[in-house]
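Here's a walk-through of one protein chain, written for someone who likes to check claims against the coordinates. Have a look at the model first.

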Amino acid sequence: MKHFPREFEDALSARGRRLLRRPNAPGRRGALTGLLRRDFAQALPALLERALGDCLVLMDEPIPPELITDATENYAERLPKSVRVRTALLASRRSKAALRLEELGVSAMLRSSSFHAFAQALSGRALRKGWGTQVLCYEPGDYTGPHTDHHPEEPDARNGYVDLHLTFCNDDVAHQWLVSEQDGHLTEVTSLATRGGVTWYRLPFWHYTTPLVAKRGREASARRWVLLGTFLDARLPASRPEGRARGRPTK
Ligand SMILES: [Fe+2]
């Protein structure tokens, strides 16, 4: 790959471009491979590692031990969201991570109109212009515990919103899975160990991400990079003024 695409459309394979132009609304959530250019997907893990390897921030929110030590009632536990993942801080455009992503062209691509159009094509919904973006990195043992991504306190998000994730695992990843609720049980399993996989979700719903597992002897270098966008529904006429989706890591 000689140039990082400024428009997301230029990172799409022929199949991805067909989906963009003739959307058939695959559904509320799904996972597809083969939608991104092979050379783009191959190049991304090393490019992201070089750009962000020294400026990721660890998000480490374990299960509080007091939920067991202080418990007084049988079977009364309530599991809060627990997570361990690395994230690039993009809230400030002057942060080291933001500057590196700008330089690499990732930021422009995630802000491009065709990235928004792709999210609309996959979700089958009109989505608001002005969306949140994040870059996450899972290393061996990194995971996200069960949660819903429900934001009932936020009027613009309480009735649901759309996440679009692009996954780039390097060759050292053995597996990582997304487990989602289906008919009230956590039984739907999707592999996240892809290079160039596209997943999209109409949130909220119960889900968790299993710990990333490296291939034997490759624990030091296994990485799963995630580029993601969070999209609110397009405003109806005479609705609230535009807001932004909260930038919470989700997968
Ligand atoms: Fe999530």
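What follows goes from model confidence to the core, then to a few local spots in the backbone.

Keep in mind that this is a predicted model. Average pLDDT for the protein is 92, and 93% of the residues score at least 70. The stretch to be wary of is residues 241-247, where pLDDT stays under 50. The model does have 17 contacts beyond four places in sequence for that stretch. Still, where pLDDT is low, the predicted coordinates should not be read in detail.

Now for the inside. Which residues touch the most other members of the largest nonpolar core? Those are Ala119, Val162, Leu164 and Phe231, out of 48 residues in that core. The elements giving two or more residues to this core are the helices α2 (38-52), α4 (96-104), α5 (106-111) and α6 (113-123), plus the strands β4 (132-138), β6 (161-169), β10 (195-203) and β13 (224-231). The top contributor is β6, with six residues. As background, nonpolar side chains in soluble globular proteins tend to be buried together.

β13 is a good strand to look at in this setting. Eight of its eight residues are buried. Arg224, Val226, Leu228 and Thr230 point one way from β13, while Trp225, Leu227, Gly229 and Phe231 point the other way. That fits the usual picture: in a regular strand the side chains alternate between the two faces of the sheet. β13 pairs in the antiparallel sense with β4 over seven bridges, and with β6, also antiparallel, over eight bridges. To pick out individual pairs, threonine 133 has glycine 229 in β13 as its bridge partner, and leucine 166 stands opposite leucine 227 in β13. Over in β4 sits leucine 136, which counts as buried because 22 C-beta neighbours lie inside 10 Å. Its C-alpha is 9.6 Å from that of threonine 167, with the two positions 31 residues apart in sequence numbering.

Next up is α2. Its buried residues are Phe40, Ala41, Leu44, Pro45, Leu48 and Leu52, and the buried residues of α2 pack against α4, β4, β6, β10 and β13. There is a kink of about 35° at leucine 44, shortly before proline 45. What about the overall length of α2? At 1.5 Å a residue, its 15 residues should span 21 Å, and the end C-alpha atoms are 22 Å apart, so the two agree.

Phenylalanine 8 sits in the segment before α1 (14-21). Is phenylalanine 8 buried or exposed? It counts as buried, because it has 26 C-beta neighbours inside 10 Å. Leaving out residues up to four places away in sequence, phenylalanine 8 touches Met109, Ser112, Ser114, Phe115 and Phe118. Alanine 117 is 109 residues away along the chain from phenylalanine 8, yet their C-alpha atoms are separated by 9.5 Å.

Finally, some backbone details. The peptide bond from leucine 203 to proline 204 is cis, with omega near 5°; proline 204 is in the loop between β10 and β11 (207-209). Two non-glycine residues with positive phi are listed here.

| Residue | Phi | Loop | C-beta neighbours within 10 Å |
|---|---|---|---|
| Tyrosine 75 | about 55° | between α3 (66-69) and β3 (83-87) | 5, exposed |
| Aspartate 183 | near 55° | between β8 (177-182) and β9 (185-191) | 6, exposed |

Notes. Residues are numbered from 1 along each chain as its sequence is written. This is a predicted model: local features need pLDDT of at least 70, side-chain atom pairs count only at pLDDT 80 or more; totals for chains, interfaces and linings use all residues. A nonpolar core is a set of buried Ala, Val, Leu, Ile, Met, Phe, Trp, Tyr and Cys residues joined through C-beta atoms within 7 Å. A residue is buried if 20 or more other C-beta atoms lie within 10 Å of its own, exposed if 12 or fewer, and partly exposed in between; C-beta atoms are placed from the backbone. Helices (H or I, at least four residues) and strands (E, at least two) are DSSP runs, numbered from the N terminus. pLDDT is the predictor's confidence in each residue, from 0 to 100. Two residues are in contact if their C-beta atoms, placed from the backbone, lie within 7 Å. The expected span of a helix is 1.5 Å times one less than its number of residues. The bend at a residue is the angle between axes fitted to the seven residues ending there and the seven starting there. Two strands pair if DSSP finds at least two bridges between them.
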